[in-house]
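Please open the model in your viewer, with a cartoon for the backbone and sticks ready for selected side chains. The tour goes from the whole chain to a few selections.

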Amino acid sequence: METFGPLLLSFLAYVIGSASPGPATLTIMMTAAGAGRAAGLRLAAGVITGSVIWGVVATLGLSVVMSEIASALFILKFVGGAYLLWLAYKSFRAALQPGDCPAGSAANGRYFLKGLLLHLTNPKAVLVWGSILTIGVYEGAPLWVAPTVLIVCSFLGAVVFTAYALVFSTPKAMAGYVKARRPVQAACGLLFGAAGLKLVLSRA
């Protein structure tokens, strides 16, 4: 029972964090609604892969090492911020284009790569995983607890991100996106831009 409580709390914290609006979920939503289910699922797969990579890093204890290497986090912070600002530019440019934007091919792998880069360039992702592990892995916890947190939270993240791709690629959602595409992309551009600037200008 002592182990079960912290585990449930860590699972709940991860679901809330991954399901909350952010660059990853917004990008999955826009891609699924604008380019279709296959593209949305490929981008979600990239985000999931990036999340699992950071989860493995945190589980192996490398998050502590990374937090002590200020130069590595400093560089990654600017890379991540620059990538978010680039996404903001792309969103604003798409918002200025009249009519429907071409969906593109989901088979060429660019959506997967976009999702992977989106998550791997987030320097706070590994620290978030570290926080989740801190909740679930209390002092004196059995050795199986940390890998359990990694496996279950990775599965929960996959469910959440896949669900975003599936829900926003329904015909109704895609039709609504077509009608409101330009303001939606402009709003996402603002959010990406704000997140990118916050990351670049942050001291941590």
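Begin with the cartoon of this predicted model and follow the chain from its N terminus, where the elements run α-α-α-α-α-α-α-α-α-α, a succession of 10 helices with 0 strands. With the whole chain still selected, colour by burial: of its 204 residues, 41% are buried. If you then draw the contacts between residues at least 6 apart in sequence, 84% of them join residues at least 24 apart. Switching to a surface representation shows an accessible area of about 10,700 Å², of which carbon and sulfur atoms account for 74%.

Keep the surface on and select Leu9, Leu12, Ile16 and Ile135, which together form a nonpolar patch with about 360 Å² of accessible area. Which helix gives the most to this nonpolar patch? Helix H1, spanning residues 4–19, does so with 3 residues, and Ile16 is one of the patch residues that you will find in this helix.

Next, hide the surface and move to helix H2, residues 23–35, where Thr25 is the residue to select. Is Thr25 buried or exposed? Thr25 has a relative accessible area of 2%, and because this value is under the 20% cut-off, the residue counts as buried. Show its side chain as sticks and trace it to the backbone nitrogen of Gly22, which the side chain reaches at 2.8 Å. Finally, expand the selection to the residues around Thr25: leaving aside neighbours within four places in sequence, Thr25 is in contact with Ser18, Ala19, Ser20, Phe161 and Tyr164.

Definitions and conventions:
Residues numbered from 1 in each chain as written. Predicted model: local features only at pLDDT ≥ 70, side-chain atom pairs only at ≥ 80, totals over all residues. Heavy atoms only, no water. Helix = DSSP H or I, 4+ residues; strand = E, 2+ residues; numbered from the N terminus. Buried < 20%, exposed > 50% of the residue type's maximum accessible area, 1.4 Å probe, protein only. Polar contact = N/O pair within 3.5 Å; in protein donor to acceptor, adjacent residues only side chain to side chain. Contact = heavy atoms within 4.5 Å. Patch = residues over 30% accessible without salt bridge, like charges linked within 9 Å, V, L, I, M, F, W, Y side chains within 5 Å. Areas by Shrake-Rupley, 256 points an atom, 1.4 Å probe, with all protein chains shown as cover. Salt bridge = Lys/Arg side-chain N within 4 Å of Asp/Glu carboxyl O.
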